[in-house]
Amino acid sequence: MNTPRLTVHALDFAYGRRTVLRDLELEASGGQLVALVGPNAAGKSTLLRCLAGLATPTGGGAVLDGRPIHRLGRRARARRIAYVAQRPEVTAAYPVEELVALARYATGPAPRRVREALEAMALSELRARPWHTLSAGQQQRVAVARALAQLDEPGLLVLDEPIASMDLPHALLTLHRLRAAAAAGHLVVTALHDLSLTAAFADTAWLLDHGRVAAAGPAAQVLRPEMLEVVFGVPFQRHGPCLFPVLEPAPA
């Protein structure tokens, strides 16, 4: 079993004259769950799109197993990289099971893999429901199921806030499934906002601030209250494995 290896070197990205990512240096390999954290507009979604091959860096790049991601063809990417958008969109009224099965277009039909992905994300009872009738949290679970069903060999799973619209039980279910995917050899890179859940589930954390890497390494070392305060501008305190902002009186 080949273990995927990701290297980000001197990566820059700009929208016109507005630079969003600056000189990023990062690396990770299969078996890890990497949490991408940082305030709004830090560049998290843009970095994830670069890792998924959906955006081309303006400088440097991201390399997966020795191949620049932005140079991979569409089918080659689909065999190695699965992407879950922050707000998954589907334009047709596909039923859930068919949507998950469509993730197999590059690797061929695999009904058993599709069934297993539906079961893993607690979607079996919703398999015949059209996409547009689902809640936002259910749609996110379908998108994660598609990613889990897509790759035959250990690859790169890129997820942008996959639990943002989920209730707590399904958020925990999803994070457990992502941990299991990492244990099976995949490299999982996911943006997360809940820092306590990040601390509980992530092996590695990448902390972005204004398009730069503020810290990267083992989650326990990166998610320190003093580091988070610098980046978020809010004091934090730790209670066991959980991180909480320090609540201060509202200004008069």
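Modeller: A nonpolar core is a set of buried Ala, Val, Leu, Ile, Met, Phe, Trp, Tyr and Cys residues joined through side-chain atoms within 4.5 Å. Keep in mind that this model is predicted.

Biologist: How many residues does the largest nonpolar core have?

Modeller: V100, V142, V188, L207 and L223 have the most contacts inside this core. Its total is 49 residues.

Biologist: Which helix gives the largest share of this core?

Modeller: The largest share is six residues. They come from residues 136-150, which is helix α5.

Biologist: How many residues are in the other core that lies apart from it?

Modeller: V8, C50, A55 and V158 are among its members. This other core has 30 residues.

Biologist: How are the rings of F13 and Y15 paired?

Modeller: The structure holds two aromatic pairs. In the pair of F13 and Y15, the ring centres are 4.8 Å apart. Planes over 60 degrees apart count as edge-to-face. The planes here are at 75°, so the pair is edge-to-face.

Biologist: Is F13 buried or exposed?

Modeller: Buried means under 20% relative accessible area. F13 has 7% relative accessibility, so F13 counts as buried.

Biologist: What is the angle between the planes of F232 and F236?

Modeller: These two residues also form an edge-to-face aromatic pair. Their rings are 6.0 Å apart, centre to centre. The angle between the planes is 65°.

Biologist: Is F236 buried or exposed?

Modeller: Its partner F232 is partly exposed, with a relative accessible area of 26%. F236 is at 14% relative accessibility, so F236 counts as buried.

How values were computed
Residues numbered from 1 in each chain as written. Predicted model: local features only at pLDDT ≥ 70, side-chain atom pairs only at ≥ 80, totals over all residues. Heavy atoms only, no water. Phe/Tyr/Trp six-rings, centres within 6.5 Å; stacked < 30°, edge-to-face > 60°. Buried < 20%, exposed > 50% of the residue type's maximum accessible area, 1.4 Å probe, protein only. Helix = DSSP H or I, 4+ residues; strand = E, 2+ residues; numbered from the N terminus.
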